[in-house]
Amino acid sequence: MTLWKRDWTPAQINARMADNMAGMLGIEVTEIGAEALHATMPVDARHAQPFGLLHGGASVVLSETLGSLACMMTLDEGKRAVGIEVNANHMAGVKRGEVVTATCRPLHTGSRTHVWQTEIRRADGKLACVSRLTCAVVDA
(Lines give C-alpha, C1' and ligand atoms only; values in the text may rest on other atoms or scores of the structure.)
Protein backbone atom coordinates (compact mmCIF):
# COMPACT_ATOMS: atom_id res chain seq x y z
CA MET A 1 0.00 0.00 0.00
CA THR A 2 1.21 3.50 -0.77
CA LEU A 3 0.72 6.85 0.94
CA TRP A 4 0.17 8.73 -2.26
CA LYS A 5 -3.28 9.76 -3.50
CA ARG A 6 -1.99 11.69 -6.51
CA ASP A 7 -0.20 9.86 -9.30
CA TRP A 8 2.39 12.52 -10.04
CA THR A 9 5.68 11.40 -11.56
CA PRO A 10 9.12 12.85 -10.82
CA ALA A 11 9.18 14.29 -14.37
CA GLN A 12 5.85 16.08 -13.82
CA ILE A 13 6.98 17.49 -10.47
CA ASN A 14 10.34 18.63 -11.85
CA ALA A 15 8.64 20.36 -14.79
CA ARG A 16 6.32 22.18 -12.39
CA MET A 17 9.30 23.31 -10.28
CA ALA A 18 11.39 24.50 -13.24
CA ASP A 19 10.48 28.18 -13.02
CA ASN A 20 10.32 28.67 -9.26
CA MET A 21 12.76 28.63 -6.34
CA ALA A 22 13.15 24.83 -6.31
CA GLY A 23 14.03 24.80 -9.99
CA MET A 24 16.36 27.78 -9.66
CA LEU A 25 18.28 25.86 -6.98
CA GLY A 26 18.45 22.70 -9.09
CA ILE A 27 16.30 20.59 -6.78
CA GLU A 28 15.26 17.46 -8.64
CA VAL A 29 12.82 14.82 -7.45
CA THR A 30 14.42 11.50 -8.32
CA GLU A 31 12.02 8.92 -6.91
CA ILE A 32 8.59 8.55 -5.40
CA GLY A 33 8.97 5.52 -3.16
CA ALA A 34 6.19 3.65 -1.38
CA GLU A 35 6.61 5.75 1.77
CA ALA A 36 9.15 8.46 0.93
CA LEU A 37 9.96 11.18 -1.57
CA HIS A 38 13.59 11.38 -2.76
CA ALA A 39 15.48 14.26 -4.36
CA THR A 40 18.91 15.69 -5.11
CA MET A 41 20.33 19.20 -5.03
CA PRO A 42 23.75 20.36 -6.22
CA VAL A 43 25.89 22.52 -3.97
CA ASP A 44 27.30 25.36 -6.05
CA ALA A 45 27.54 29.15 -5.83
CA ARG A 46 23.73 29.42 -5.58
CA HIS A 47 23.72 27.32 -2.40
CA ALA A 48 26.94 28.29 -0.62
CA GLN A 49 27.51 30.58 2.31
CA PRO A 50 30.60 32.85 2.25
CA PHE A 51 32.89 30.08 3.55
CA GLY A 52 32.12 27.70 0.68
CA LEU A 53 29.75 25.36 2.51
CA LEU A 54 26.08 24.59 1.91
CA HIS A 55 23.99 27.43 3.33
CA GLY A 56 21.49 26.28 5.95
CA GLY A 57 18.76 28.23 4.19
CA ALA A 58 19.25 26.16 1.04
CA SER A 59 18.79 23.01 3.11
CA VAL A 60 15.55 24.45 4.49
CA VAL A 61 14.31 25.24 0.96
CA LEU A 62 15.02 21.62 -0.03
CA SER A 63 13.20 20.32 3.04
CA GLU A 64 10.18 22.59 2.70
CA THR A 65 9.90 21.81 -1.01
CA LEU A 66 9.86 18.05 -0.44
CA GLY A 67 7.62 18.20 2.62
CA SER A 68 5.06 20.39 0.88
CA LEU A 69 5.06 18.18 -2.21
CA ALA A 70 4.79 14.99 -0.16
CA CYS A 71 1.96 16.40 1.92
CA MET A 72 0.04 17.49 -1.20
CA MET A 73 0.49 14.04 -2.71
CA THR A 74 -1.26 12.41 0.27
CA LEU A 75 -4.29 14.70 0.25
CA ASP A 76 -7.62 14.20 -1.44
CA GLU A 77 -8.60 16.47 -4.31
CA GLY A 78 -9.98 19.73 -2.96
CA LYS A 79 -7.40 19.88 -0.15
CA ARG A 80 -4.14 21.83 -0.03
CA ALA A 81 -1.04 21.81 2.16
CA VAL A 82 0.18 25.07 3.67
CA GLY A 83 3.51 25.13 5.50
CA ILE A 84 3.15 26.61 8.99
CA GLU A 85 6.49 25.76 10.65
CA VAL A 86 9.87 24.48 9.56
CA ASN A 87 12.99 23.74 11.57
CA ALA A 88 16.39 22.32 10.74
CA ASN A 89 19.36 20.91 12.58
CA HIS A 90 22.67 21.01 10.72
CA MET A 91 25.08 18.21 11.60
CA ALA A 92 27.85 18.34 8.98
CA GLY A 93 29.12 20.75 6.38
CA VAL A 94 28.79 20.10 2.66
CA LYS A 95 31.42 21.56 0.31
CA ARG A 96 30.71 23.30 -2.96
CA GLY A 97 30.88 20.83 -5.83
CA GLU A 98 29.02 18.06 -4.00
CA VAL A 99 25.46 16.89 -4.55
CA VAL A 100 23.22 16.22 -1.57
CA THR A 101 20.45 13.64 -1.48
CA ALA A 102 17.25 14.10 0.49
CA THR A 103 14.63 11.68 1.73
CA CYS A 104 11.31 12.97 3.05
CA ARG A 105 9.05 10.76 5.19
CA PRO A 106 5.87 11.39 7.17
CA LEU A 107 5.95 11.56 10.95
CA HIS A 108 2.24 12.43 11.27
CA THR A 109 -0.55 12.58 8.68
CA GLY A 110 -3.69 13.81 10.39
CA SER A 111 -6.82 15.35 8.96
CA ARG A 112 -5.76 18.92 9.90
CA THR A 113 -1.97 18.81 10.17
CA HIS A 114 0.93 16.81 8.79
CA VAL A 115 4.55 16.64 9.95
CA TRP A 116 7.21 15.59 7.43
CA GLN A 117 10.88 14.91 8.17
CA THR A 118 13.62 15.31 5.59
CA GLU A 119 17.11 13.87 5.98
CA ILE A 120 19.75 15.52 3.81
CA ARG A 121 22.93 13.53 3.25
CA ARG A 122 26.32 14.32 1.77
CA ALA A 123 27.83 12.27 -1.05
CA ASP A 124 29.66 10.12 1.53
CA GLY A 125 26.32 9.26 3.20
CA LYS A 126 26.91 11.36 6.32
CA LEU A 127 23.84 13.14 7.65
CA ALA A 128 24.23 16.85 6.95
CA CYS A 129 20.81 18.11 8.06
CA VAL A 130 17.53 16.87 9.46
CA SER A 131 14.51 19.10 9.09
CA ARG A 132 10.83 18.92 9.97
CA LEU A 133 7.97 20.69 8.23
CA THR A 134 4.51 21.09 9.73
CA CYS A 135 1.72 21.71 7.24
CA ALA A 136 -1.87 22.74 7.81
CA VAL A 137 -4.38 20.86 5.66
CA VAL A 138 -6.89 23.37 4.25
CA ASP A 139 -9.59 23.48 1.61
CA ALA A 140 -8.25 24.43 -1.82
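The second largest pocket of this predicted model comes out at about 180 Å³. Its lining takes in L3 and K5, then T74, L75, D76 and K79, then T109, G110, S111 and H114, and finally V137. Sorted by class, that wall has 3 nonpolar, 5 polar and 3 charged residues.

One of these lining residues, K79, is also half of a salt bridge. Its partner is D139, and the closest N and O atoms of the pair sit 2.6 Å apart. K79 belongs to strand β3 (residues 79-90) while D139 belongs to strand β6 (residues 127-139), so this contact ties together parts that are 60 residues apart in sequence. The two ends fall into separate accessibility classes: K79 counts as partly exposed, with a relative accessibility of 34%, whereas D139 is exposed at 57%. The cut-off for exposed is over 50%, and partly exposed runs from there down to the 20% limit for buried, so K79 and D139 land on either side of the upper boundary.

As for the rest of the salt bridges, the structure holds 5 in total. Among them is the pair R121 and E119, whose side chains meet with an N to O distance of 3.0 Å. Here R121 is partly exposed, at 30% relative accessibility, and E119 is partly exposed too, at 23%. Buried means under 20%, so E119 stays out of that class. Another of the salt bridges joins D124 to R122, with 2.6 Å between the closest N and O atoms. D124 has a relative accessibility of 54% and so counts as exposed.

Back to the pockets, and to the top of the list. The largest pocket has a volume of about 500 Å³. A set of 20 residues lines it, and those nearest its centre are W8, R16, S68, L69 and M72. Four elements each supply two or more residues to this lining: the helices α1 (10-17), α2 (21-24) and α3 (56-74), plus strand β3. Of these, α3 is the top contributor, giving 6 residues to the wall. In terms of chemistry, the lining of the largest pocket splits into 10 nonpolar, 4 polar and 6 charged residues.

Strand β3 is a handy place to tie the threads together. This strand gives two or more residues to the lining of the largest pocket, and it also holds K79, the β3 end of the link to D139 in β6. K79 itself appears in the lining of the second largest pocket.

Terms used:
Residues are numbered from 1 along each chain as its sequence is written. This is a predicted model: local features need pLDDT of at least 70, side-chain atom pairs count only at pLDDT 80 or more; totals for chains, interfaces and linings use all residues. Side-chain values use heavy atoms; hydrogens and water are left out. A salt bridge is a side-chain nitrogen of Lys or Arg within 4 Å of a carboxyl oxygen of Asp or Glu. Buried means under 20% relative accessible area, exposed over 50%, partly exposed in between (1.4 Å probe, protein chains only). On a 1 Å grid over the protein atoms alone, a cavity is a set of points where a 1.4 Å probe fits but cannot get out, and a pocket is an open set with protein on both sides within 12 Å along at least five of seven lines; lining residues have an atom within 4 Å of a point. Grid points are joined across faces, edges and corners, and a volume is the space filled by probe spheres set on the points. Ala, Val, Leu, Ile, Met, Phe, Trp, Tyr, Cys and Pro count as nonpolar, Asp, Glu, Lys and Arg as charged, and the others, Gly among them, as polar.
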